[in-house]
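Please open the model in a viewer and keep the selection panel at hand. The tour below proceeds from one selection to the next.

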Amino acid sequence: MSDWGPVFVAVMLFILLTPGLLIQIPGRNRKVEFGNFQTSGVSILVHSILYFSLMCIFLLAIGIHILVSLCFSLLSQSLYSLMADWAPVLIGVVLFVLLQPGLLFQLPGHQRSVDFGSLKTNGTAIAIHTFIFFIIYAVLILAVHVHIYTG
């Protein structure tokens with residue numbers, strides 16, 4: 001039985017909090033800009049803090065779990081150990097930062113197939129980076145079963 005809850009939450013937050021897609025805090029010209037397909041180091045830092053906070057709320061405080069076996073079922077937090085598993089949060093935050101389109105690389109780029117450090121993005125790049133995020137995150141959480149427990 002696999003718990004797809006962390007994967008679902010992490011991918012949705014990756015899409016919603018990618019700087020420049022829906023919102024960018026801070027923006028290039030104002031404190032908040034919407035849909036400008038731009039990014040910056042500061043906005044990635046701010047969005048990463050929001051990502052971390054929301055991942056903690058959804059995965060550790062609320063405890064969203066979607067277990068998949070032969071059928072879909074929701075599992076209550078009481079069936080899980082009382083120890084907090086920080087791996088989904090920490091892996092998600094690291095991948096969120098590293099895979100932001102335009103920070104390290106952008107696939108596809110504006111002028112070439114891959115741009116490096118452009119601090120710009122586009123819809124296609126966000127979709128491709130989201131897919132890469134999903135694959136790496138799902139492999140680490142569901143296939144490799146990485147766990148970091150705290151009491």
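**The aromatic cluster**

Begin by selecting Phe-14, Tyr-51, Phe-96, Phe-133 and Tyr-137, which together form one aromatic cluster. The model is a predicted one, and six aromatic pairs are present in the structure.

**The pair Trp-4 and Phe-134**

Select next Trp-4 and Phe-134, an aromatic pair with stacked geometry, the centres being 6.3 Å apart and the planes at 25° to each other. The two residues are 130 positions apart and belong to distant parts of the chain: Trp-4 is in the loop between strand S1 (2–3) and helix H1 (5–17), and Phe-134 is in helix H4. Is each ring buried or exposed? Neither label applies: Trp-4 is partly exposed, its relative accessible area being 31%, and Phe-134 is likewise partly exposed, at 27%.

**The pair Phe-52 and Trp-86**

Move on to Phe-52 and Trp-86, an aromatic pair that is also stacked, with 6.3 Å from centre to centre and 25° between the planes. Phe-52 belongs to helix H2 (residues 41–61), while Trp-86 sits in the loop between strand S4 (84–85) and H3; the pair therefore ties together parts that lie 34 residues apart in sequence. Phe-52 counts as partly exposed, with a relative accessibility of 32%. Trp-86 falls into the partly exposed class too, at 25%.

**The surroundings of Trp-4**

Return to Trp-4, in the loop between S1 and H1, and display its contacts. Which residues does Trp-4 touch beyond its neighbours within four places in sequence? The contacts are Ile-66, Val-68, Phe-134 and Leu-142. Add His-65 to the selection: the C-alpha atoms of Trp-4 and His-65 are 6.7 Å apart, although 61 residues separate the two along the chain.

**A nonpolar patch on the surface**

Switch to a surface representation and select Phe-8, Met-12, Leu-16 and Leu-22, which make a nonpolar surface patch of about 370 Å². Met-12, one of these residues, is part of helix H1. Its relative accessible area is 34%, so Met-12 is partly exposed.

**Gln-106 in its loop**

Hide the surface and centre the view on Gln-106, located in the loop between helix H3 (87–98) and helix H4 (123–143). Is Gln-106 buried or exposed? Gln-106 counts as buried, because its relative accessibility is 0%. Its side chain reaches the backbone oxygen of Pro-108, at 3.0 Å. When residues up to four places away in sequence are set aside, Gln-106 touches Pro-101, Ser-113, Val-114, Asp-115, Ser-118, Lys-120, Thr-121, Asn-122, Ala-125 and His-129.

**The whole chain**

Finally, zoom out and colour the chain by secondary structure. The protein chain contains four helices and five strands, and their order from the N terminus is β-α-α-β-β-β-α-α-β. How many residues does the protein chain have, and what percentage of them count as buried? The chain has 151 residues, of which 38% count as buried. Among contacts with a separation of 6 or more, 61% are between residues 24 or more positions apart. With the surface shown again, the accessible area of the protein chain amounts to about 8200 Å², and carbon and sulfur atoms contribute 74% of it.

Technical notes: Residues numbered from 1 in each chain as written. Predicted model: local features only at pLDDT ≥ 70, side-chain atom pairs only at ≥ 80, totals over all residues. Heavy atoms only, no water. Buried < 20%, exposed > 50% of the residue type's maximum accessible area, 1.4 Å probe, protein only. Polar contact = N/O pair within 3.5 Å; in protein donor to acceptor, adjacent residues only side chain to side chain. Contact = heavy atoms within 4.5 Å. Phe/Tyr/Trp six-rings, centres within 6.5 Å; stacked < 30°, edge-to-face > 60°. Patch = residues over 30% accessible without salt bridge, like charges linked within 9 Å, V, L, I, M, F, W, Y side chains within 5 Å. Areas by Shrake-Rupley, 256 points an atom, 1.4 Å probe, with all protein chains shown as cover. Salt bridge = Lys/Arg side-chain N within 4 Å of Asp/Glu carboxyl O.
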